[in-house]
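Trainee: I should like to study this structure with you, step by step. May I put my questions in turn?

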Amino acid sequence: MRHLINANVNGRERELSVKSNQTLLEVLRDDLRLKGTREGCSVGVCGSCTVLVDGKPVSSCLMLASNAEGKEVLTIEGLGQAGNLDPVQQAFLDHQAFQCGFCTPGMIMAVKGLLNENAKPDEAEVRDYLSGNICRCGTYVEVMAAIEDLTAKP
Amino acid sequence: MSAVGSSTPRVDGDAKVRGAAQYTADIELAGMLHAKALRSPHPHAKLVGIDVSKAAALPGVIAIVTRDDLEGLNPYYGAVVEDQPVLAMDRVRCVGDIVVAVAAEEREIAEEAVELIEVEYEPLPAVFDVVESARAGAPIIHEERFETQAAIFREQLNLNAGGNVCSVFRAGDGDVDAGFAEADEIFENTYRMPPVQHGHIEPHVATAVWESPGRLLVHTPCQNAVGLQEQLARIFNIPESGVRVVVPHVGGGYGGKTHARLEPVTALLARKAGRPVQWVLTREEVFLTGRRYGAFVRMKTGFKRDGRLVAREVDVFYDLGAYALSGPANAKTGSYVASGPYRVPNRRLTTYAVYTNLPPAGPYRGVGVPHVAWAYESEMDRIARHLGMDPVELRLKNLLQEGDVFVTGESLVSVGISDCLRQVASGIGWRGREEQSNGAREGSLRRGKGLAVIMKSTTTPTASAASVRLNGDGSVMLLTSSTEMGQGVRTCLAQIVADRLGMPVERVTVSAPDTDVTPYDKSTSSSRTTFHMGNAALRAAEEVREQLLEAGAQGLEVDKADLELGADGVRVKGVPDRGLTVPQLLRVKYGDSVGSIFGSSNFQVKGGLDPKTGKGKAAAFWFFSACGAEVEVDVETGKVRVLNVATSVDVGKAINPLQCWLQNEGSMLEALGAAFFEEMVFEQGQPVNGTLLEYMLPSMQDHPERFQSLLVETPHPEGPFGAKGVGEAVIPAVVPAIGNAVANALGGLNVTELPLRPERIVAALAEREASTR
């Protein structure tokens, strides 16, 4: 069974035909071919599929696409592009806060969500907020440094 | 300007932060189908019958493969022993063994089709414990043995042990019985290390298409493109040149993607379907596909009252699971270092690689070493406590030194281990002997510090080849089959080439592995790439450099020795405005300013051990590392907080210090997971915690409050710029350092089974209390 939904994806209003059991992740990857959002665990615990829905981080592997009706969805592709990176992306580059890069888009979107909610998180808040984004390469010190850098700026 | 030794930013950084880096699952080929497998629910069973008729009738199902589709092919493959069937043949040997695979127009259809397949099994007796499995009378898991094709393994491993013991490796020297007789004291203990997940966030995945009957193209995040090419060619009876393996970006490997896992089945499906097939494993399937060996270690140590080790006897049983992969080679890697990085005059070291009816294991960062290091470094602290000696002093007294002859008979070079130990001791504020008794305490909280040191070989003998192409515009391509999986190999190799050609790193592009184009490499494993591929890249760049200098000498009519390479070409030393650009050099060389200059090298390290004597050259180079940790244990809850971790590795030379830091941070964090909570649990061969909901990976919350990655640089005479390797160097030291810190916090309470879960610590405390009452 399919539904037509309207959602804003990366700044563009779209009418999407989605299956009732289709996740937002599947629509993003399979239908819109936004491959920067990635599946790691399919149960909402690794964080690599994190996108922002109305500014808040969501595990897109758990959210049904039909629930995106009327919402704004932001993926890594909509955040910044070559030569025009978002400050979070730039901070990740400056601090080399990634290795294999698979979890990186999800991690960056989660940091974006954190800073939307809390402009000056302390270290404990950062660790708590990002504990649902797993980096098996273990590049956490650098992510924390990137956030510290972002929040230190006036 | 020197590219080597600087923390050059990653060459793949921009693509990764934009989400633009392409991983295998991001690839879509025209007409691509999706795969799903039916897996065995039994740990050991005869395969009586398979009925796929209902599944085949489902609209959208394009191909179904079973053992019948292997007719005329070579159905068995494996890196060391050809024991793994592409699809189950006469029997299944573990839960998760692939029995049938389906390719369909959509993932959902493939999933539905799998539900419609009927399989009849006849359960067989199974064995899960590695020690039990090694005993005579255990249910036999492989009735026949399939000889390896690889001569190096036939010649250098003992593969005819019998029963479920796939291989045995023995190393030793001196007179062990006399050594124990001479000892003032003898300690004997056993240790266990459970299986754990590699935990790469990118699951195993492959995309396969047959472009013609003799021409297979596979995209896969494989750490070993050439090895996979060889195996696929053999399975399908086609020349190696008929198989093209391309490796896109890799979302973490840690050893888990070194060997063929799902590629043979995906290729078989694509062959039958006549269309491209992509198979992405679910996380549950990843749990059934690979893991680190569990192991049981028995260790007996004789020592003198002054702390000198005089004899050691070690037996290690590595649990391979149902298939060997590189298990026998990895078990060998554990054998000769089983007595630790110490001078022990008399030793008998034996490792057994043993099949069980658990899902297959495989190499994981550190391969066979974490298991033995957990045992020998726990023992060192026990001995120190018993003798009332400072554990640092005890280790320094026994540690190997530059030039020592090792148990394998080879002389050791680049042995910075004492410096590694001193660095981490200083990094955690080690105060000496009192650390074993006087930790800070507050309420139910007890603080403790612990240390550990390790050594590890890199796989030997091996070879790596590379080509460097200088284009007419002065840009450079390095062609290499080394896999970038996050460890920074492309950046490191670009630095080496740029340094030798005197140009900026940005001008060097490093290829992805593509077996049509990139030359031979043994594998991106064993932390061998900086040393081996680094040497190949360096020598290939030197060939280009020589040609540039020769053309410059000819064009400028000066002696070659008076020339140097600059960012734009060749110039006369001390006369910066007298030189030739790359296009001008090409004109001198070829008569026209088009074309390219090509250099190539095949870097080979000979060696290996005689399996009868355990003697020879075990390693092209040796890793030495140390870890120090400070923890706080709550004796009421058993919960441990990690306050400080310092690691130190003798890297020979840090080509990129930041990437070294990141590798050590990753090793440390993976080891913290294994120290405190990571453990794959099976009941009667069935996975109990086979999803990331039940099996936790370390998060930012688990990161120690403080972490330092320290480096020692004892140049290796054969390393590129003196470099050795770093990727897995420190991981085996972390778990015992944590264990020793916990033991010291608890006044000498060693827990010998991992992980150090709160309930295990509480139980050990209760047991001690009961026994002292």
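Trainee: In which sense do strand 3 and strand 7 of chain B pair?

Mentor: The model is a predicted one. Strands of a sheet pair through backbone hydrogen bonds, and the sense may be parallel or antiparallel. Strand 3 of chain B and strand 7 of chain B, residues 98-104, are joined over four bridges, and their sense is antiparallel.

Trainee: Which residue in strand 7 of chain B is the bridge partner of Val65(B)?

Mentor: Strand 3 of chain B covers 61-65, and strand 7 of chain B covers residues 98-104. The bridge partner of Val65(B) in strand 7 of chain B is Ala101(B).

Trainee: Which strands of chain B stand at the edges of the sheet?

Mentor: The sheet is open, and its seven strands follow the order 3-7-1-14-11-12-13 in chain B, with mixed pairing. An edge strand has a single partner strand, so one side of it is left without a neighbour in the sheet. In chain B the strands at the edges are strand 3 (61-65) and strand 13 (243-246).

Trainee: By how many degrees are neighbouring strands of this sheet turned against each other on average?

Mentor: The average concerns neighbouring strands of this sheet, and direction is ignored. The value is 25 degrees.

Trainee: What angle does helix 7 of chain B make with strand 13 of chain B?

Mentor: Helix 7 of chain B, residues 225-235, packs on the sheet and touches strand 12 (215-219) and strand 13 of chain B. Its direction and that of strand 13 of chain B make an angle of about 150 degrees.

Trainee: At what angle does helix 8 of chain B run to strand 11 of chain B?

Mentor: Helix 8 of chain B, residues 263-273, lies across several strands of chain B, including strand 1 (33-39), strand 11 (205-212) and strand 14 (277-280). To strand 11 of chain B, helix 8 of chain B runs at about 40 degrees.

Trainee: How far apart are the C-alpha centres of domain 1 and domain 2 of chain B?

Mentor: The domain assignment gives domain 1 of chain B as 24-124 + 198-287 and domain 2 of chain B as 294-459 + 611-772. Their contact takes 23 residues from domain 1 of chain B and 26 residues from domain 2 of chain B. The C-alpha centres of these two domains lie apart by 36 Å.

Trainee: Which helix supplies the largest share of the side of chain B that touches chain A?

Mentor: In this contact, 42 residues of chain B meet 39 residues of chain A. Helix 1 (13-17) and helix 17 (657-676) of chain B each supply at least two residues of the side of chain B that touches chain A. The largest share, seven residues, comes from helix 17 of chain B.

Technical notes:
Residues numbered from 1 in each chain as written. Chains lettered and ligands numbered in written order. Predicted model: local features only at pLDDT ≥ 70, side-chain atom pairs only at ≥ 80, totals over all residues. Domains from an automatic or database assignment. Contact = placed C-beta atoms within 7 Å. Pairing = 2+ DSSP bridges. Axes fitted to C-alpha atoms, helices over the stretch in contact; angles between N-to-C directions.
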